Amino acid sequence: MTQETAHPTGSRLVLPRYRRDDVDAHPPLLSPGYGSTVLRAPRQPLTYLPQRLTEVTGPLLGEGRLGEFDHDLTRQHGGEPQGQRIIVHGRVLDGDGRPVPHTLVEIWQANAAGRYRHATDTWPAPLDPYFEGVGRVLTDDRGHYRFVTIQPGAYPWRNHDNAWRPAHIHFSLFGRAFTQRLVTQMYFPGDPLFFQDPIFNSVRDPEARERMIARYDHATTVPEWALAYEFDIVLRGRESTPFEDGDDDE
């Protein structure tokens, strides 16, 4: 995520200058426990880059960019993927609790075995031929989004000794152009791997960390079909969802 971020509020764009010291919720760019940040954190002060006409006029991310099954990661191929089917839904809200309509929400995740469909992911867990792990949807008039997907598995990574990432889903939120982007991760309640995950724990405020954990939603759970989790994303303010450096791919 860049220092300056725009987000849609109603039908107009608000272009605030985003500062990581606005709230304590957001992780610092340099978190020594998370090894990748040592390599990529900026060594010079960030520079404000104002958005000009080319940044705010395109490319547009509207309804025409969505495929028929982009919202349902279990129906994108010719067969059923392995794993527990889940519904992930919630609202995108601004700092005053108002819904943010028609904003593009993208997710990407590992499969049920904890493996990404990516050339650099080579640990010995099976790939699922019926699961790509990528989805996208636009929020509706009430700022609501909904995905159907598979519960991701934990996976090892080389950040520290015996390091395993908790199950998580990456979220990317766009305004009306690629320069207007926020990135975060959604975790699942009760995960035993939270204690040793430096990405999760780089958010120093315990209350802010809790806002990255989805809520099990029994009312939306579909009998004999899918569990449901609710995950609201707040873009700004004291209750904002912690956002991360957009370069993260773990």
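**Aromatic pairs**

I began with the rings and counted eleven aromatic pairs. The model is a predicted one. I took the pair of tyrosine 145 and phenylalanine 171 and found it edge-to-face. Its ring centres lie 5.7 Å apart and its planes make 70 degrees.

What does this pair tie together? Tyrosine 145 sits in strand S6 and phenylalanine 171 in strand S9, so the contact joins parts 26 residues apart in sequence. I then looked up burial for both. Tyrosine 145 is buried at 1% relative accessible area. Phenylalanine 171 is buried too, at 0%.

I turned to the pair of tyrosine 187 and phenylalanine 194. The centres are 5.8 Å apart. The planes stand at 80 degrees, and the cut-off for edge-to-face is over 60, so I logged this pair as edge-to-face. Tyrosine 187 is buried, with 1% relative accessible area. Phenylalanine 194 has 13%. Buried means under 20%, so phenylalanine 194 counts as buried.

I also noted one aromatic cluster, formed by Tyr145, Phe147, Phe171 and Phe231.

**Cores**

Next I checked the nonpolar packing. The largest nonpolar core has 25 residues. Which of them touch the most other members? I found Tyr145, Ile169, Phe171, Met186 and Leu235. I then asked which strands supply at least two residues each to this core. They are S3 (85-93), S4 (104-108), S6 (144-150), S9 (168-174) and S10 (181-187).

A second, separate core holds twelve residues. Tyr34, Trp157, Tyr187 and Phe200 are among them.

I went back to tyrosine 145 and listed its contacts, leaving out residues up to four places away in sequence. Tyrosine 145 touches Val88, His89, Gly90, Arg91 and Val92. The list also includes Val137, Thr139, Phe171 and Phe231.

**Annotated span**

I looked up the UniProt record, an unreviewed entry. It places the feature "domain: Intradiol ring-cleavage dioxygenases" at residues 88-116. In the model this span is 38% strand and 0% helix. I read 19 Å between its end C-alpha atoms.

**Charges**

I counted ten salt bridges. Aspartate 197 and arginine 165 make one of them, with the closest N and O atoms 3.0 Å apart. Where do the partners sit? Aspartate 197 is in the loop between S10 and helix H3 (198-201), and arginine 165 is in strand S8 (residues 164-165). The pair links distant parts of the chain, 32 residues apart. I checked whether these two are buried or exposed. Aspartate 197 and arginine 165 are both buried.

I noted a network here as well: salt bridges with shared partners join Asp94, Asp96 and Arg98.

Arginine 165 came up again at a ring. It lies over the face of tryptophan 157, at 5.7 Å from the ring centre. Trp157 is in the second core.

I looked at two further bridges. Arginine 75 meets aspartate 72 at 3.9 Å, N to O. Arginine 75 is partly exposed at 45% relative accessible area, whereas aspartate 72 is buried at 4%. Arginine 142 meets aspartate 140 at 3.3 Å, N to O. Is arginine 142 buried or exposed? Exposed means over 50%, and arginine 142 has 53% relative accessibility, so I put it down as exposed. Aspartate 140 is partly exposed, at 27%.

Technical notes:
Residues numbered from 1 in each chain as written. Predicted model: local features only at pLDDT ≥ 70, side-chain atom pairs only at ≥ 80, totals over all residues. Heavy atoms only, no water. UniProt positions renumbered as here; feature names shortened; annotations may be inferred. Helix = DSSP H or I, 4+ residues; strand = E, 2+ residues; numbered from the N terminus. Core = buried A, V, L, I, M, F, W, Y, C linked by side-chain atoms within 4.5 Å. Buried < 20%, exposed > 50% of the residue type's maximum accessible area, 1.4 Å probe, protein only. Contact = heavy atoms within 4.5 Å. Phe/Tyr/Trp six-rings, centres within 6.5 Å; stacked < 30°, edge-to-face > 60°. Lys NZ or Arg CZ within 6 Å of the ring centre and 35° of its normal. Salt bridge = Lys/Arg side-chain N within 4 Å of Asp/Glu carboxyl O.
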